Amino acid sequence: MFHGRIETWLSFKDAYRTLIHERSELSKTEKFQYLQCAITGTAKEALEGFTPPEDNYDAAWESLTKMYDDKRVLILRHASLLCNIGPINGSSEELRGLANQVRAQLKSLEALGRTSKDMLNDIVFSMMISNLDKETRKGWDLNITGTEPPTIEELMRFITKAAKDRDMNEIVPAWGPERETDQREAQHSGTIRRSSQERKDMNSLFRD
């Protein structure tokens, strides 16, 4: 049963394709019924509107895979789960649980075609991205395209550029509002001084 949790997508997809999707003896209607029974929660929303089933099974399956079969998102999720495995108390059950969790995530990354070197990149990338502030993270998400996982170098370049942009935004422009106000005040003050001096000169002229 697939509930819409992205980390369980790979195991569900492999099992469903083997047991249902690739079986030629099953009709499209039967496959659609099996698919409906195999998913629940938010995942089932992807099938809404696909009727009649015999004409729309392929489109329904494609809609589901488009929603969840995103390599970049899957890799980041499994790497994140590796990074966020919590501490254990040391019981035999928890030790086995820890080993099983790590093994499951590594197997999922392997299934996504990740080598040991790739996995190191993915884990460090996950650690870095989880520490970004909300604004920078949003900028990163808007910056990336496609489904291929980005590299640490790409993230580092983005962070460096974001830092430089912040520096520039913090610099007050040479002719910004403050300078323009100061200039107007200086001009006004100079005008007042000149007018005062001219009046003194005129008074001095008539007194003489």
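The legends below accompany several close-up views of a predicted model.

**View 1. The whole protein chain is built from helices.**
The predicted model shows a protein chain with 9 helices and 0 strands, and the order of elements along the sequence reads α-α-α-α-α-α-α-α-α. The protein chain has 208 residues, of which 29% count as buried. Among the contacts in the protein chain with a separation of 6 or more, 66% come from residues 24 or more positions apart. The protein chain exposes about 14400 Å², and carbon and sulfur atoms supply 52% of that area.

**View 2. Helix α5 has a buried face and an exposed face.**
Helix α5 runs over residues 92–111, and its 20 residues should span 28 Å at 1.5 Å a residue, which agrees with the 28 Å between its end C-alpha atoms. Within α5, the residues Gln105, Ser108 and Leu109 are buried. Seen down the axis of α5, these buried residues fall within an arc of 105°, so they line one face of the helix. An α-helix has 3.6 residues a turn, so residues three or four places apart point the same way. The face of α5 turned away from the buried side carries the exposed residues Glu93, Arg96, Lys107 and Ala111. The cover over the buried residues of α5 includes α1 (9–21), α4 (71–83) and α6 (116–130). After α5 comes Gly113, whose phi is positive, near 85°.

**View 3. Helix α6 also turns its buried residues to one side.**
Helix α6 has 15 residues and reaches 21 Å from its first C-alpha to its last, close to the 21 Å expected at 1.5 Å a residue. The buried residues in α6 are Met119, Asn121, Asp122, Phe125, Ser126 and Ile129. Around the axis they cover an arc of only 155°, which puts them on the same side of α6. On the other side of α6, Ser116, Lys117 and Leu120 are exposed. The elements that cover the buried residues of α6 include α4, α5, α7 and α8 (152–170). This view therefore meets the previous one, because α6 is also listed among the elements that cover the buried residues of α5.**View 4. Tyr34 in helix α2 touches residues from earlier in the sequence.**
Tyr34 is found in helix α2, which comprises residues 28–38. At 43% relative accessibility, Tyr34 counts as partly exposed, since that value lies between the limits of 20% and 50%. When residues up to four places away in sequence are not counted, Tyr34 touches Tyr16, Ile20 and Leu26. Tyr34 and His21 are 13 residues apart in sequence, while their C-alpha atoms are 9.3 Å apart in space.

**View 5. Two salt bridges involve Arg17, Glu22, Arg23 and Glu25.**
Side chains of opposite charge can pair when their charged atoms come close. Arg17 forms a salt bridge with Glu22, and the closest N and O atoms of this pair are 3.0 Å apart. Arg17 is partly exposed, with a relative accessible area of 31%. Arg23 and Glu25 also meet through their side chains in a salt bridge, at 2.8 Å from N to O. Arg23 is partly exposed at a relative accessible area of 33%, whereas Glu25, at 54% relative accessibility, counts as exposed.

**View 6. Arg137 and Asp141 pair within helix α7.**
The salt bridge between Arg137 and Asp141 has its closest N and O atoms 3.3 Å apart. Arg137 and Asp141 are 4 residues apart in helix α7 (residues 134–143), and are thus separated by about one helical turn. Both partners are partly exposed, Arg137 with a relative accessible area of 27% and Asp141 with a relative accessible area of 40%. Elsewhere, Arg5, Glu7 and Arg77 are joined into one network by salt bridges that share partners. The count of salt bridges comes to 13.

**View 7. The cysteines Cys37 and Cys83 are shown with their exposure.**
A search of the whole structure finds 0 disulfides. Cys37 is exposed, with a relative accessible area of 59%, and this value is over the 50% limit. Cys83, at 29% relative accessibility, counts as partly exposed.

Terms used: Residues are numbered from 1 along each chain as its sequence is written. This is a predicted model: local features need pLDDT of at least 70, side-chain atom pairs count only at pLDDT 80 or more; totals for chains, interfaces and linings use all residues. Side-chain values use heavy atoms; hydrogens and water are left out. Helices (H or I, at least four residues) and strands (E, at least two) are DSSP runs, numbered from the N terminus. The expected span of a helix is 1.5 Å times one less than its number of residues. Buried means under 20% relative accessible area, exposed over 50%, partly exposed in between (1.4 Å probe, protein chains only). The arc is that of the directions from the helix axis to the C-beta atoms. Contact means heavy atoms within 4.5 Å. Accessible areas come from the Shrake-Rupley method with a 1.4 Å probe; for residues, only the protein chains shown count as cover. A disulfide is a pair of cysteine sulfur atoms within 2.5 Å. A salt bridge is a side-chain nitrogen of Lys or Arg within 4 Å of a carboxyl oxygen of Asp or Glu.
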